[in-house]
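Trainee: Could we go through this model together, taking the strands and then a pair of helices?

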Amino acid sequence: MVKEYFRNPVCISVLALVFIFYSGIFIIPDVFTFNSLIDKSQVQQISGYIMSSPAKSSSGKNYAAKFKVHSVENQGIKASANGVFTILIPSTLVEMHFPGKLYTKANSEKGFIYESGGKYTFTGQFNDEYFKVDSCKECVFDSSVFGKIDEFRAKCRLQFKRLMYLWKDGGGLLLALLCGAREYTNPEVADAFKKAGLSHILALSGMHLSMFSAIALFLGNRIGRKKLTFVIRVIALICFLWFAGFSPSLTRAFICSMLLILASIAAVEQPDMIIILCFTFLLQCVMYPGDIKNYGFMLSYAALLGILLTNKFFSKIYDRFLPRILSSSLASSSGAQILTVPISLKLFGAYSPIGVIATSVVSPLITIFIYSGLLLIIVCLIFPSLAFYSGILLNFEYTIIKYLVGIFSLAPRITI
């Protein structure tokens, strides 16, 4: 069975690209490198577009985001520029409108919403491979249809953060799971997830996308029209990806899901998931070549490939002494670890063996947590007076998850 893939042109192409990208033998040029008539070290001001939702750094002092530059300035001299690089924006600027985040100096100035799609003018200076922002002089969204959509998304994400803030720690976790924003995630809990080998749960991935696909599929089946079911699923996936943002792992999951939907429309009963994964890899490399060096990109593909290659093998082992529902979850967790362990050791120098068991226990609880959170959000939109009681229920579930993750985080880790 495996030998057939070595004769498939799609699989051969992927193997060749993986060798070229990650063997270290070849130097892959950065097609998005900064380029301008003004030397990088002399740049004092940049103008362009934020391409990703700013993510808070581990220190909490800055937010990192991808920035596509179109012009730079030095002492009044302006020049065109191109390239994509990382910018670090001070937390005092980004969190100006966030609930519970008060900064006297920042609030004395005009505040902006920092989200992808906006056109910004920043002052600051380049430092190594990123641009350290000092201040923001301008923020506008294009007057085009897409610009209006980007502005609407930015405001929706801000309002969602305000709602989640009312639900305290439980809302902070739900915020991270639904839109990738970790501003209100308890740092100790986030660290416990990492030590327990559960970082992938907090990172938006196929698990989150599949849940929204399942909701859409349920609604479509209730309507009873197969064609309409496909439409609802596609709309649900696009809306979630639009709101959460195009992270590498989520993009991989989206492309895979769309290919599976197309296969279903074409009446392909059992599509070959390894071929689909390989084709997804090729598409993502073409559409988003910047993702190739991203850790989440590598781990996402490695985990899914490990599951596809070894799931049957581990299922036969676990089926001997565990109920089917438990053996299936444990088999998937074990398969995901097969290829991600060497990558994790290489990139981070650490690995948590307990993650295999922890994932099988915590993932179902996270699924319940997300579904109940979505339901409570709908309830609160209809009956705002129930927001307080909804928060109590959500935090009860959160406490159980926090307690279990804390126990798993105490297990020893392998470090090199």
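Mentor: Before we begin, two strands pair if DSSP finds at least two bridges between them. Please also keep in mind that this is a predicted model.

Trainee: Which residue of strand 5 stands opposite Val72?

Mentor: Strand 4 and strand 5 (residues 77-82) run antiparallel and are joined by 4 bridges. They form a hairpin with 2 residues between them, and Gln75 in the turn has a positive phi of about 50°. Across from Val72, in strand 5, stands Ala79.

Trainee: Where in strand 6 is the bridge partner of Phe67?

Mentor: Strand 6 (residues 84-90) runs antiparallel to strand 4, and 7 bridges join the two. Within strand 6, the residue that partners Phe67 is Phe85.

Trainee: How many residues lie between strand 3 and strand 4 in their hairpin?

Mentor: Strand 3 (residues 55-56) is joined to strand 4 by 2 bridges, with the strands antiparallel, and Ala55 stands opposite Ala64 of strand 4. In the turn of this hairpin, Gly60 has a positive phi of about 85°, and the number of residues between the strands is 5.

Trainee: How is helix 9 oriented to helix 15, oblique or parallel?

Mentor: Helix 9 (residues 206-223) packs on helix 15 (residues 355-382) with the axes 11 Å apart and at an angle of about 50°. Angles under 35 degrees would count as roughly parallel and 65 to 115 as roughly perpendicular, so helix 9 is, relative to helix 15, oblique.

Trainee: What is the handedness of that crossing?

Mentor: For the crossing of helix 9 and helix 15, the hand is right-handed. Among the residues making the contact are Met211 and Phe212 of helix 9 and Ile366 and Tyr371 of helix 15. By class, the contact has 9 nonpolar, 3 polar and no charged residues, and the crossing itself is right-handed.

Technical notes: Residues numbered from 1 in each chain as written. Predicted model: local features only at pLDDT ≥ 70, side-chain atom pairs only at ≥ 80, totals over all residues. Heavy atoms only, no water. Axes fitted to C-alpha atoms, helices over the stretch in contact; angles between N-to-C directions. Parallel < 35°, antiparallel > 145°, perpendicular 65-115°, else oblique. Left-handed = near helix turned anticlockwise from the far one by under 90°. Contact = heavy atoms within 4.5 Å. Nonpolar A, V, L, I, M, F, W, Y, C, P; charged D, E, K, R; others polar.
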